Amino acid sequence: MLSPAAISGPLPRIGIIVLGLLAAAVILLRADRARALAMLGGLILAPVLLLADIWSSPQLRIIHRHPLYALIGAAVALLVLAAAARGLTRRRQWFAPLALVALPFRVPISVSGTTYNLLVPLYFVIAAGALAWLVPVLLEPEEAGIRRPPHRFEQLLALILVLYGLGATYSAHFGALIGFEAALRNMSFFYVPFALLYVLLRDLSWCSALLRRCLILLAGLAVLFSLVGFWEEATGQILLNPKLVAANQIHPYFTVNSVFFDPDIFGRFLALVMILGVAVLIWETRARAVLTSAAVLAILWGCLVLTLSRSSLAALLVGMAVLCALRWRATRWVFGVGLLLAVIGAAAVAVSPRTFGFNQGLNGASSGRANLISGGLTMFSQRPLQGYGSGSFEAEYARQHNGCGVVCASHTIAVTVAGEQGLIGLIPYVAFVIAVLITLFRGARGSPARAAIAAMFLALVVHTEFYADFLEDPMTWVLLAVGGTLALAAADAREAARRAERSARRTTAAA
């Protein structure tokens, strides 16, 4: 692993700031040519910084020993990428289904002693889609086009990315835990490629046919992954995650993860797809669609139970409550009943904590996450303005607690942002979530697709407060892209209707 001195020079820190600026530019720039140049810069700079970061790691030993083989492999990969990009140039609408197919598959890769579950197939699809869009734009002799002004939440999202890059420049480290390394990898593995994913999806024409195709695809994938989960339960075998194998051997219960590395991430995926299924169930009038949706929901529910993911169950309940409130105009009743049930649940836990697994205290029942939250709030109180730097939570928590034991990575996004970036990062994060919710929910009652996406996003936000992975989850960016595009189309339709009504009134008055 690289020593802290190896990445403490000015160039890597300038590089991560530039990465944040490029990701923000990709989201905000209205001119196609300028946006294409920003995309190309991100595609080049992110891998370069990553290679510089891990150049001395054992995983790249084959490159040092056999550089010719590495060059041949890189050339083959580029040829395949070029062929895929050429295909997407002719069929741009294929990008969305391909991205959704690739989205769940993670490849565990060890980098400097830390295992990252990387979305390698999705990275390939994003790179192909980006090249398919930017190459024709850059080759055009004239400006390719100008898009409309960005959403308010897009402006806040761009600000978050820039602040994250700036915050990495003073990130804390402790022993082998280096905050700057974590921030650089978050920016390169997640934020930059997902910013490209966002704009590529945002610029598609999200017609009803494409929405229906993606819905069927997600439902089919969820059923397939659930069958894998049932197989794991029946055979007692776990895929991809040795730690989960060990945990299942010592615990009285058995947890499944399907093709996902983590049961909670699998549970989140199932919960979000189930919210889509519930939207079909309560809005659809055709008997065949209702029965199909009910059958899919039954399969997914059975597998969701096997994940034992309480955060996913909470997210599902929130999403279903939102859908019911939007469908039947019963917002007060739905949230009133929800609040009543929450009070009853809290009272039950207080009367008999042992029944609900709280005999070891809140920290024991939450697998140590209560301490992580309190530790994160302590970090925030120590540096309320700027925090300890992007990516530094694990390192600083370990330093303040004499090592971290089993886990010291925060599982609550708001606490992570507060501890790492202070108010400088927390205020834009809260404003961003509020802006997204306003955009997605405004006028969503009359559209099943928009209602489902709004419910899914709120459910995802709830899940991130129990299990983290907000902007690190590509599903967040997918929901932002599709939901924002549909909201924009709905706003345009309302404006067109108002103009037509004013025109009709003027005509009537003139007559």
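Q: Which residue forms a salt bridge with Arg202, the closest N and O atoms being 2.8 Å apart?
A: In this predicted model, the closest N and O atoms of the pair are 2.8 Å apart, and a salt bridge is counted within 4 Å. The pair links distant parts of the chain, with Arg202 in helix H8 and its partner in helix H7 (residues 152-167), 48 residues apart. The partner of Arg202 is Glu154.

Q: Is Glu154 buried or exposed?
A: The relative accessible area of Glu154 is 0%, and buried means under 20%. Because 0% lies under that cut-off, Glu154 counts as buried.

Q: Is Arg202 buried or exposed?
A: Arg202 has a relative accessibility of 7%, which is to be set against the cut-off for buried residues, under 20%. Because 7% is under 20%, Arg202 counts as buried.

Q: Which residue of helix H2 forms a salt bridge with Asp32?
A: Asp32 and its partner both lie in helix H2 (residues 32-54), where 3 residues, about one turn of the helix, separate them. The closest N and O atoms of this salt bridge are 2.7 Å apart, and both residues of the pair are buried. The partner of Asp32 is Arg35.

Q: Which residues are joined into one network by salt bridges that share partners?
A: The structure holds 11 salt bridges, among them the pair of Asp32 with Arg35 and the pair of Arg202 with Glu154. Salt bridges that share partners bring these residues together with Asp203. The network consists of Asp32, Arg35, Glu154, Arg202 and Asp203.

Q: How many residues apart in helix H8 are Arg185 and Glu181?
A: Arg185 forms a salt bridge with Glu181, and the closest N and O atoms of the two are 3.6 Å apart. Arg185 is buried, as is Glu181. Both lie in helix H8, about one turn of the helix from each other, and the separation is 4 residues.

Q: At roughly what angle do the axes of helix H5 and helix H8 cross?
A: Two packed helices are described by the angle between their axes and by the distance between those axes. For helix H5 (residues 95-102) and helix H8 (residues 179-202), the axes come within 10 Å, and the crossing is left-handed. The angle of the crossing is roughly 145 degrees.

Q: How do the residues of the contact of H5 with H8 divide into nonpolar, polar and charged?
A: On the side of H5 the contact is made by Phe95, Ala96 and Ala99, while H8 brings Leu197, Leu200 and Leu201. Counted by type, these residues come to 6 nonpolar, no polar and no charged.

Q: Which residue in the loop between helix H10 (242-250) and helix H11 (263-283) has a phi near 55 degrees?
A: Most residues other than glycine have a negative phi. In this loop, however, a residue other than glycine has a positive value, and at 0% relative accessibility that residue counts as buried. The residue is Ser258.

Q: Is Leu308 buried, partly exposed or exposed?
A: Leu308 lies in the loop between helix H12 (287-307) and helix H13 (310-328), and its phi is positive, near 55 degrees. Its relative accessibility is 45%, whereas buried means under 20% and exposed over 50%. Because 45% falls in between, Leu308 counts as partly exposed.

Q: What percentage of the residues of the protein chain count as buried?
A: The secondary structure of the protein chain comes to 20 helices and 4 strands, and the chain has 511 residues. Of these residues, the part that counts as buried is 47%.

Note on methods
Residues numbered from 1 in each chain as written. Predicted model: local features only at pLDDT ≥ 70, side-chain atom pairs only at ≥ 80, totals over all residues. Heavy atoms only, no water. Axes fitted to C-alpha atoms, helices over the stretch in contact; angles between N-to-C directions. Helix = DSSP H or I, 4+ residues; strand = E, 2+ residues; numbered from the N terminus. Left-handed = near helix turned anticlockwise from the far one by under 90°. Contact = heavy atoms within 4.5 Å. Nonpolar A, V, L, I, M, F, W, Y, C, P; charged D, E, K, R; others polar. Salt bridge = Lys/Arg side-chain N within 4 Å of Asp/Glu carboxyl O. Buried < 20%, exposed > 50% of the residue type's maximum accessible area, 1.4 Å probe, protein only.
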